[in-house]
Amino acid sequence: MSITRIDSNGLNESHYSAEACIVWCFDARTSGDLDGFLSNRGFTRADVIKVAGGAKALAFNQSVAKSAEEIEAGLSAREFLLNQIETSIRLHGPKLVVLMLHVDCGGYGYSKAFSSPEAELTHHENELEAAKEFLANKLPNGITIETVLVVR
Ligand SMILES: [Zn+2]
């Protein structure tokens with residue numbers, strides 16, 4: 001077995017407080033947008049959780065699921081993501097959680113899954129609201145939730 005060793009500079013620094021916990025899609029096309037967002041805010045110590053669909057899992061609505069398997073998968077994905085956010089808060093104490101979605105996301109079947117660009121934007125705005133509402137009921141008081149929609 002071969003293990004690649006990396007000598008870290010960052011790990012020589014001490015424990016940190018995060019300015020934000022950021023949930024972002026792993027779509028590499030949006031990596032530059034994340035860099036720009038962090039730079040604009042002056043964030044240098046953000047906990048970034050990159051998962052397929054970004055905040056999609058938090059918006060899961062059991063009532064629209066089509067099967068028991070879909071419900072189980074949706075609840076499981078939501079629980080995983082919630083746990084990641086809670087762990088960031090526990091370890092690094094961010095007072096801000098950022099929830100991101102983007103257009104043309106594979107997690108939603110890309111833009112072609114929507115009847116129009118406007119329909120896609122409206123759908124994603126509703127998803128972000130649902131994700132925010134779900135999360136707000138789970139997190140302790142004093143944490144702000146910001147939603148971000150990355151568009152063309
Ligand atoms: Zn995506």
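Here are a few exercises on this predicted model, each with a worked solution.

Before you start, note that residues are numbered from 1 along each chain as its sequence is written. Because the model is predicted, local features need pLDDT of at least 70 and side-chain atom pairs count only at pLDDT 80 or more, while totals for chains, interfaces and linings use all residues.

**Exercise 1. How many helices and strands does the protein chain have, and in what order do they run from the N terminus?**

Step 1: Count the elements. Helices (H or I, at least four residues) and strands (E, at least two) are DSSP runs, numbered from the N terminus. You should get three helices and four strands.

Step 2: Walk along the protein chain from the N terminus, and you'll read β-α-β-α-β-α-β.

**Exercise 2. Which radius of gyration does the protein chain have, and what would a compact globule have?**

Step 1: Get the rule. The radius is taken over C-alpha atoms, and the globule rule is 2.2 Å times the number of residues to the power 0.38.

Step 2: Put in the 152 residues, and a compact globule comes out near 15 Å. The protein chain has 17 Å, which agrees.

Step 3: Picture the box. The C-alpha atoms fill roughly 50 × 40 × 30 Å along the principal axes.

**Exercise 3. What is the order of the strands in the open sheet, and which are the edge strands?**

Step 1: Find the pairs. Two strands pair if DSSP finds at least two bridges between them. Strand S1 (residues 20-25) is joined to S2 by six bridges and runs parallel to it; here Ala 20 sits opposite Ala 46. S1 also pairs with S3 in the parallel sense, over three bridges, and Cys 21 has Val 97 of S3 as its bridge partner. Seven bridges link the parallel strands S3 (residues 96-102) and S4 (residues 144-150), with Val 97 opposite Ile 145 of S4.

Step 2: Line them up, and the four-strand order is S2-S1-S3-S4. The edges are S2 (46-51) and S4, since each pairs on one side only.

**Exercise 4. Is S1 buried or exposed?**

Step 1: Set the cut-offs. A residue is buried if 20 or more other C-beta atoms lie within 10 Å of its own, exposed if 12 or fewer, and partly exposed in between, with C-beta atoms placed from the backbone.

Step 2: Check the strand. Six of the six residues of S1 are buried, so S1 is largely enclosed by the rest of the structure.

Step 3: Look at both faces. Ala 20, Ile 22 and Trp 24 point one way, Cys 21, Val 23 and Cys 25 the other way, and all are buried. For the protein chain as a whole, buried residues make up 26% of the 152 residues.

**Exercise 5. Where are Asp 104 and Tyr 110 found, and what is the sign of phi in each?**

Step 1: Recall the usual picture. Most residues other than glycine have a negative phi.

Step 2: Take Asp 104. Its phi is near 60°, a positive value, and Asp 104 lies in the loop between S3 and H3. It counts as partly exposed because it has 19 C-beta neighbours inside 10 Å.

Step 3: Now Tyr 110. Phi is positive here too, near 65°, and Tyr 110 is found in the loop between S3 and H3. With 12 C-beta neighbours inside 10 Å, Tyr 110 counts as exposed.
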